[in-house]
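Colleague: I have a structure on screen and some questions about its sheet, its spaces and one residue. Can you take me through them?

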Amino acid sequence: MSWRIGVDIGGTFIDFCALETGSNRFETIKVLTTPDEPGKELLDGLALLHERHGIAPEEVVSFVHGTTVGINTIIQRKGSRLALITTAGFEDVIELARLRMPDMYSLFCARPEQLIPRDRIYGVRQRQFASGEVAEPLDEGGLKAVIAAIRAKGVDGVIVSFLHAYRDGAHEAQAKALIADLAPELFVFTTSEVWPVIREYERTTTAILNGYVHPRVAGYLTALENALASRGVPAGPMLTKSNGGVMNPQTGKRACVNMLLSGTASGVIGAAWLAEQAGSGNILTLDIGGTSADLALIIDGEPQFGTGEVVGDFPLFLPSVSVTSIGSGGGSIAWADDFGVLKVGPESAGSTPGPACYGRGGTRATVTDAMAASGFLGHSPLAYNQIGMDRARADAVIGELAAKIGQTPQATAEAIIAVAVSEMFVEVNKLVARYGVDLRDFALMPFGGAGPMLGCFLARELGIPRVLVPRRPGVVSALGGLIADLKGDFIQTVFAAAVPESLPVLRDALARLKRDGLSWIRDDQTFAGPVVETLTADMRYHGQSFEIEVPLSEAWLTEGDLAAVTEAFHRQHLAIYDFNDVEAEVQIVNLRLVVSGATPRPNLAPAAQAPSAEAKPERMIEVWLDGARHEVALYHRDALRNGHRFAGPAVVAQQDTTVCIPEGFEAQVDAWLNLHLILRSEA
C-alpha cells in the first residue's frame, strides 16, 4: 500500500487525514497537542495510525504538514532578536507605518510595540532613484561601523531594507555579502529577496516577519525531517502555505513568512474541494477549533485571495487565502466583567488543561462546557477516544459562572453559546460587506472540532438557508493540505503607464517572472509535471493610491495588445466599485505570476443508496434548547447512509465532532455522505 498523509496542528488537537492512493480509502484521527513537548503529538499520531489502521511508516509516500509555529512565535513574541539596516533618513519606516491607528474608533487603541526596537535600527548612506539608477553608492565604511554596533547588541539576525530596492536589489545584496563576511554568525534577509514590492513599509515589515520567525521555524522543520526519518518515513515533508499551496521544507526554512497562515488556508482549500463534490459553488466556511473561529468565502467554487491579512499585530503583505479570524473557539473561556456582563474569549483553555468537561484539570467554563451542560455532548466517544466527557465538571463550572451573573445554569449555558455566535455574526457581516455578496445565495460549511456544534445556530441568525456538514468535518484542514497543489507567488514592480512605450519594461518583467517561477518549481521543488502559470497585474487609475488585481493574458503583453489590458482593468474596476473611467490614464504597478503544479485528487465513489429514506435514531436524549428542555433524536454519523432524511431538533454524534441541529432544519444525506441541513421553508 501507498499512503498520503495530511497533518494540521491547531491549538487543542493535531489532525491526521490519510489517503490510500490505490483504493482512495480515507482514515482520520485526532491527537491532543503537547505544548510542553512540541513535535511529540506528531509522532504519537503516526504511532496511532499504525496501531489503529495498519499504516506503516514505510508506506507513506507523501507527508504534508501545516504548522502554527510561525504565527504562535509572533503572537507570543518569542522570535529572534533582530536588527534593521535601512537607508539613512528612513530609520523610522516601521514606526511611521501608514500613520493609521489600528482602531480609529477606540479611545483605548494603541500602536503595537514593534518587533525591532528603535535602538536596533541603523541607517547607512546609499541611494537609488525610483528608476533603479544609483544616486549614491553604498557607503561600505559606514556599513562596517554599523555591523560592529549590531554585533555589540547581541542580535541573532539582520534585515536589510533600502529605499527602492524593489527596482534593483544590488545594494541590498552588497550589504548582505559584507555582513556575511564580517559577522558570519548572523543570518541576513533582504527585502528584495523576501518580497520585492513597492512601498517601503510593506516590504520592510514582511521581511521582518520572515526573519523574526526564521530560527524557530527552521529548527522545527529540521526536527520534523529528523523525526520522520527516524520513524522510517521515506517521504520528505511538504509544508502548507498561506496562499493555499505547498512547498518543500528547504524553501520553508528560507521563506518562513509564506507559512504563517498555512492552517487556515488549508481549511479553505479542503472546503472548496468538498463543496465541489457536493455541487455547491458559493460557500461561507466556518472553521472553529479550540482557540479561534476562521471565516472565509468561496465564490463560484474559488477561494478568495488577498494581501494585508493581520498576523498578531502586524499586516502580512504576501498573497494569502482571505480568512477572518476571531478568538472564539470551543475552548474559549466564558467570564463576567466587573459589571457582571458575560463575555466569551479571547482567552482559551487550549488542550492543557482544556475545557472542564475534558477532565484534565480545567476549572473555568468554556463554550464546550456550555454545550455539554446543555446536553449536546457526551453521547459517544470524543476525538477518536482521545478524551472523555465529564458532564458533572461542566455543570459545576457553568454553575459557578451562573452565580456570578445571577442566572440559572441552563440560561447561562445558552447565553455563552449565544455570545459566541453573536461574535461570529459581527465578523461575518464585515466579511460580507467587503465582498458585496448576498448570503441567501450561499451555504454555510462548518468544520473543525467545534464548527458543526455552532454552525446551525449561526446560520439561523444570519438567515443562511443551507448548512453543509462534510463527512469528516474535524479534519478538513488536514485534508486541504493533502490535496493542495505546489504553488509559488512571484512579483515584479514595474510602475508603468499602460502605453506602448512601456511594453519593453513589461515584457522584461514578464520574462523575469517566468524564469524565476520555472526555476522555483523545477529546481527548488523538483516538480516534473505540467506547470500552470497565472498572470495578474496590480493596476489603478493615475492619481489613485491603491490598486486592484486584474487577471491578464500573457499574449496581451507579448503581442502588445494594451487595449485588452486596459479593458480588463476597466471591467474589474466597474465590477468592484460600480464605476470606471475609460478615458483616464491607467497604471500598471506590479505584475504577478502564480506558478503551480497539480497534486492528484482522490476520485471518490458515491455511497450505496439506503434501502429506506427514513434515518433511525440511536435513542432520544434531553437537551436545553431555545429556553426549554426538549427530547431530541440522537443519530450516529456512521449509521447515516446515502438518501437518509430526518428533521431537527437533533444531535448527530461522530468521532471528530458533534453536529447540533436546532428546530427548523431538515437533514438530507447525499451520495458522498455529506449532511445537508436545509431550513424547512427552503426544503
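Colleague: Which strands does helix H5 lie across, and at about what angle does H5 run to E9?

Modeller: Keep in mind that this is a predicted model. Helix H5 covers residues 170-182. It lies across E5, E9 and E10. Its direction relative to E9 is about 160°.

Colleague: H7 packs on the sheet too. What angle does its direction make with that of E10?

Modeller: H7 touches E5, E9 and E10. With the direction of E10, that of H7 makes about 155°.

Colleague: How many bridges join strand E5 to strand E9?

Modeller: E5 spans residues 82-87, and E9 spans residues 157-161. The two run parallel. Ile85 stands opposite Val160 in E9. The number of bridges joining E5 to E9 is five.

Colleague: Which strands stand at the edges of the open sheet?

Modeller: The sheet has four strands in the order E6-E5-E9-E10, with parallel pairing. An edge strand has a single partner, so one of its sides is left without a neighbour in the sheet. That holds for E6 (121-124) and E10 (187-190).

Colleague: Which helix gives the largest share of the lining of the largest cavity?

Modeller: The search finds four cavities of 30 Å³ or more. The largest holds about 50 Å³ of space. Its lining includes Ile94, Thr205, Ile208 and Phe314. Three lining residues come from one helix, residues 200-230, and that is the largest share: helix H7.

Colleague: How many residues of the lining of the largest cavity are charged?

Modeller: Six residues of this lining are nonpolar. Two are polar. The charged count is none.

Colleague: Which helix gives the most to the lining of the second largest pocket?

Modeller: About 730 Å³ of space lies in this pocket. Of its 32 lining residues, those closest to the centre are Glu193, Val194, Pro196, Asp489 and Phe490. Helix H6, helix H8, strand E25 and helix H15 each supply at least two lining residues. The most, six residues, come from H15.

Colleague: How many residues of that pocket's lining are charged?

Modeller: The lining divides into three groups. Nonpolar residues number 14, and polar ones eight. The charged residues number ten.

Colleague: Is Thr368 buried or exposed?

Modeller: Thr368 sits in helix H10, residues 367-373. Beyond its neighbours within four places in sequence, Thr368 is in contact with residues including Gly330, Pro355, Tyr358 and Met453. The cut-off for this class is under 20% relative accessible area. Thr368 has 6% relative accessibility, so it counts as buried.

Key. Residues are numbered from 1 along each chain as its sequence is written. This is a predicted model: local features need pLDDT of at least 70, side-chain atom pairs count only at pLDDT 80 or more; totals for chains, interfaces and linings use all residues. Side-chain values use heavy atoms; hydrogens and water are left out. On a 1 Å grid over the protein atoms alone, a cavity is a set of points where a 1.4 Å probe fits but cannot get out, and a pocket is an open set with protein on both sides within 12 Å along at least five of seven lines; lining residues have an atom within 4 Å of a point. Grid points are joined across faces, edges and corners, and a volume is the space filled by probe spheres set on the points. Ala, Val, Leu, Ile, Met, Phe, Trp, Tyr, Cys and Pro count as nonpolar, Asp, Glu, Lys and Arg as charged, and the others, Gly among them, as polar. Buried means under 20% relative accessible area, exposed over 50%, partly exposed in between (1.4 Å probe, protein chains only). Contact means heavy atoms within 4.5 Å. Two strands pair if DSSP finds at least two bridges between them. Axes are lines fitted to C-alpha atoms, for helices over the stretch in contact, and angles run from 0 to 180 degrees between N-to-C directions.
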